Amino acid sequence: MLTVIRGAGDIATGIALRLWRAGIRVVMTDLPQPTAIRRTVAFSEAVVHGEAAVEGVTARRADSPAQALELLKSGVVPVLADPEGSCVPALRPGAVVDAILAKRNLGTRITDAPVVVGVGPGFTAGEDCHAVVETMRGHYLGRAIYQGSAQANTGVPGLIGGFAGERVLRAPADGVFHQLLDIGAQVKMGDAAAEVGGLPMTCTLDGVLRGILPEGTPVRKGMKAGDIDPRCSMEHCYCASDKALAVGGGVLEAVLRLSGALKSGEADPSRGE
């Protein structure tokens, strides 16, 4: 079975790992200039560098749907610079997963594939997709929803190591992002991790810099541009997060359940039948 995942950031990469390890072929799409923060665990880096590896799985940039299919034969995950998902009609996948995480639907339709899964808020099962997977940390994280929507976006990151909003670093101004520290750096509150137009983006707590935008990224004031892990574990910078894998598990459930129902001719699980 072929699945197209729209988005190739860290959450989308966790989804890809779950599906790939379950024997599902995956093609991913992202922006020509990706904006993933956790770049060390994002297959979107293949768009920039030609290749990226996360937890032993390799992704490579593909320049066309035909090349993506060829790359699949070599045992790697193809990643296309295709934010509109225009490759979907050409690839004719069995499933489409929208993991852009824009908090709203940017164009995914329930008719895009036999199985369509929306990740996070902005989707409604039965209307623009067949299932939605919850992304908010807490009791329902990773749950596959076949009727209704995920919880609304609160704008407040989930707790990690006792910290929530403090973990996120935001661009101090509109302009071009100038990176000062690398992912994995040990930081103290007040350290400058980057600057925009001469204004520093200062660290808001002690910990490990788990993610940061790359040098030269155009940013707007308040845009998420970095992430600090207060648990101070370097290993966390180089493996998929608990959240990414939990969401990936929910997507895997939905894809297998819905595709299985189609093969068996059973009633549509998205209707609760």
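**Questions on a predicted fold**

Biologist: Leaving aside its neighbours within four places in sequence, which residues is Ser 44 in contact with?

Modeller: In this predicted model, Ser 44 is found in the loop between β2 (25-30) and α2 (45-49). When neighbours within four places in sequence are left aside, the residues in contact with Ser 44 are Ala 8, Gly 9, Asp 30, Pro 34 and Ala 36.

Biologist: Does Ser 44 count as buried or exposed, and at what relative accessibility?

Modeller: A residue is called buried when its relative accessible area is under 20%. Ser 44 counts as buried because its relative accessibility is 0%.

Biologist: Turning to the whole chain, how does its radius of gyration stand against the globule rule, and what is its value?

Modeller: The chain has five helices and 19 strands, and its C-alpha trace spans about 60 × 40 × 30 Å along the principal axes. For 273 residues the globule rule gives 19 Å, and the radius of gyration is close to that, so the chain is as compact as a globular protein of that length, with a value of 18 Å.

Biologist: What share of the contacts with a separation of 6 or more comes from residues 24 or more positions apart?

Modeller: Of the 273 residues in the chain, 51% count as buried. Among the contacts with a separation of 6 or more, the share that residues 24 or more positions apart account for is 53%.

Biologist: Which strands stand at the edges of the open sheet of nine strands?

Modeller: The order of this sheet is β3-β4-β5-β2-β1-β6-β7-β9-β10, and its pairing is mixed. Within it, β1 and β2 pair in the parallel sense over five bridges, with Thr 3 opposite Val 26 in β2. The strands that pair on one side only, and are therefore named as edges by the order and the pairing, are β3 and β10 (144-145).

Biologist: In β4, which residue is the bridge partner of Glu 51?

Modeller: Strand β3 (residues 51-54) runs antiparallel to strand β4 (residues 57-62), and four bridges join them. The two strands form a hairpin with two residues between them, and Glu 55 in the turn has a positive phi of about 50°. The bridge partner of Glu 51 in β4 is Arg 60.

Biologist: What is the hand of the β-α-β crossover from β4 to β5?

Modeller: β4 pairs with strand β5 (residues 77-81) in the parallel sense over four bridges, and Arg 60 stands opposite Pro 78 in β5. Between the two strands the chain passes through helix α3 (residues 65-73), and the crossover is right-handed.

Biologist: Within what arc do the buried residues of α3 fall, seen down its axis?

Modeller: The buried residues of α3 are Ala 68, Leu 71 and Leu 72, and what covers them includes β1 (2-6), α1 (10-21), β2, β4 and β5. The face turned away from that buried side carries the exposed residues Ala 66 and Lys 73. Seen down the axis, the buried residues line one face of the helix, because they fall within an arc of 105°.

Biologist: Which helix gives the most residues to the largest nonpolar core?

Modeller: That core has 40 residues, and those with the most contacts inside it are Ile 5, Ile 15, Met 28, Phe 43 and Val 251. The helix that gives the most to this core, with eight residues, is α5 (residues 242-264).

Biologist: How many residues make up the other core, which lies apart from the largest one?

Modeller: Met 28, in the largest core, is in contact with residues including Ile 5, Phe 43 and Leu 80. The other core lies apart and has Ala 173, Phe 177, Ala 194 and Met 223 among its members. The number of residues in this other core is 23.

Biologist: In the open sheet of four strands, why is one side of each edge strand left without a neighbour, and which strands are these?

Modeller: The sheet has the order β16-β15-β13-β18, with antiparallel pairing. Each edge strand has a single partner strand, so one side is left without a neighbour in the sheet, and these strands are β16 (199-202) and β18 (218-219).

Biologist: How far apart in space, C-alpha to C-alpha, are Leu 213 and Thr 35?

Modeller: Leu 213 is found in the loop between β17 (207-212) and β18, and it is buried, with a relative accessible area of 0%. Among the residues that Leu 213 touches are Thr 35, Ala 36, Phe 177 and Met 223. Leu 213 and Thr 35 are 178 residues apart in sequence, whereas their C-alpha to C-alpha separation in space is 6.6 Å.

Conventions
Residues numbered from 1 in each chain as written. Predicted model: local features only at pLDDT ≥ 70, side-chain atom pairs only at ≥ 80, totals over all residues. Heavy atoms only, no water. Buried < 20%, exposed > 50% of the residue type's maximum accessible area, 1.4 Å probe, protein only. Contact = heavy atoms within 4.5 Å. Right-handed = clockwise from strand over helix to strand, strands pointing away. Core = buried A, V, L, I, M, F, W, Y, C linked by side-chain atoms within 4.5 Å. Arc of directions from axis to C-beta. Rg over C-alpha atoms; globule rule 2.2 N^0.38 Å.
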